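Here is a briefing on one protein chain. Keep the structure open while reading.

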Amino acid sequence: MEHIERLITSSSAATKSGRIQVTIPSNGPLGLVLGNQKEGMPDRGALVEEVSGVAAQTGLIKPGYTLCAINGLDTTLLTFHQTLAALVAAARPVTLDFVTS
C-alpha cells in the first residue's frame, strides 16, 4: 500500500481558515465522488459527496468539503465539468485543497 502524505498547512491556520491541503501520490483512482454545489448555488467547483480508497486513508477529506484547488489551480471559478477535467489531467502526486466549512 502506498504511503499517503498528509499535509495541513498549519493546524491553527487550517482551523481558522477552514481549509486543508492533502497530497496524494497514487496514480490510480483517488476515491472521491464529487458532485455539483448545493441546489441554488452557482455551478462552480465541486463538492465531496463520498470518500473511499486512497482519499479515505488520509483521514482528512470528508463529505461536504468543497474542492477549491488542484495542484495550485484555483477551481472556485471553474464549472463543475472544468474542475473534473482539471482533476483528471492533474499531474501526480496531486495536491488538493478543500474548504471544510
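In which loop is Pro 93 found? Pro 93 sits in the loop between H3 and S7. A cis peptide bond joins Pro 93 to Arg 92, and its omega is about 5°. The model is predicted.

**Overall layout**

- The chain has three helices and seven strands.
- From the N terminus on, the order of elements is β-α-β-β-β-α-β-β-α-β.
- The chain counts 101 residues, and 41% of them are buried.
- Take the contacts in the chain with a separation of 6 or more: residues 24 or more positions apart account for 59% of these.
- The exposed area of the chain is about 5700 Å². Carbon and sulfur atoms supply 56% of that area.

**Nonpolar core**

- The largest nonpolar core holds 22 residues.
- Leu 32, Leu 34, Ile 70, Leu 96 and Phe 98 have the most contacts inside this core.
- Five strands and two helices are listed by name here: strands S2 (19–24), S3 (32–35), S4 (46–51), S5 (66–70) and S7 (94–99), with helices H2 (53–58) and H3 (80–89), each give two or more residues to the core.
- Leu 34 is in contact with Ala 46, Leu 47, Val 48 and Glu 49, leaving aside its neighbours within four places in sequence.
- On the same basis, the contacts of Leu 34 also include Leu 67, Phe 80, Leu 84 and Leu 87.

**Strand S3: Gly 35**

- Gly 35 is found in strand S3.
- Its relative accessible area is 5%, so Gly 35 is buried.
- Gly 35 and Leu 47 are twelve residues apart in sequence. Their C-alpha atoms are 5.2 Å apart in space.
- Beyond neighbours within four places in sequence, Gly 35 is in contact with Ala 46, Leu 47, Glu 49 and Phe 80.

**Strand S5: Thr 66**

- Thr 66 belongs to strand S5.
- Is Thr 66 buried or exposed? Thr 66 counts as buried because its relative accessibility is 18%, and the cut-off for buried is under 20%.
- With neighbours within four places left aside, Thr 66 is in contact with Gln 37, Ala 46 and Leu 47. Its contacts also include Asp 97, Phe 98 and Val 99.

**Helix H3: two faces**

- Which residues of H3 are buried? They are Phe 80, Thr 83, Ala 86 and Leu 87.
- These residues cover an arc of only 125° around the axis, so they lie on the same side of H3.
- The buried residues of H3 pack against S3, S4, S5, S6 and S7.
- The face turned away from the buried side carries the exposed residues His 81, Val 88 and Ala 89.

**Loop between S6 and H3: Thr 75**

- Thr 75 lies in the loop between S6 and H3.
- Thr 75 counts as buried because its relative accessibility is 0%.
- A polar atom of the Thr 75 side chain lies 3.5 Å from the backbone nitrogen of Ala 69.
- Leaving aside neighbours within four places in sequence, Thr 75 is in contact with Gly 45, Leu 67, Cys 68, Ala 69, Ile 70 and Thr 83.
- Thr 83, one of these partners, is also one of the buried residues of H3.

**Loops at Ala 90 and Asn 71**

- Ala 90 has its place in the loop between H3 and S7.
- The relative accessible area of Ala 90 is 16%, so this residue is buried.
- Ala 90 and Ile 70 are 20 residues apart along the chain. Their C-alpha atoms are separated by 7.3 Å.
- Neighbours within four places aside, Ala 90 is in contact with Ile 70 and Asn 71.
- Asn 71 is found in the loop between S5 and strand S6 (73–74).
- Phi of Asn 71 is near 50°, a positive value in a residue other than glycine.
- Asn 71 has a relative accessible area of 36%, so it is partly exposed.

Terms used:
Residues are numbered from 1 along each chain as its sequence is written. This is a predicted model: local features need pLDDT of at least 70, side-chain atom pairs count only at pLDDT 80 or more; totals for chains, interfaces and linings use all residues. Side-chain values use heavy atoms; hydrogens and water are left out. A nonpolar core is a set of buried Ala, Val, Leu, Ile, Met, Phe, Trp, Tyr and Cys residues joined through side-chain atoms within 4.5 Å. Buried means under 20% relative accessible area, exposed over 50%, partly exposed in between (1.4 Å probe, protein chains only). Helices (H or I, at least four residues) and strands (E, at least two) are DSSP runs, numbered from the N terminus. Contact means heavy atoms within 4.5 Å. Accessible areas come from the Shrake-Rupley method with a 1.4 Å probe; for residues, only the protein chains shown count as cover. The arc is that of the directions from the helix axis to the C-beta atoms. A polar contact is a pair of N or O atoms within 3.5 Å; within protein, one must be able to donate a hydrogen and the other to accept it, and residues adjacent in sequence count only if both atoms are side-chain atoms.
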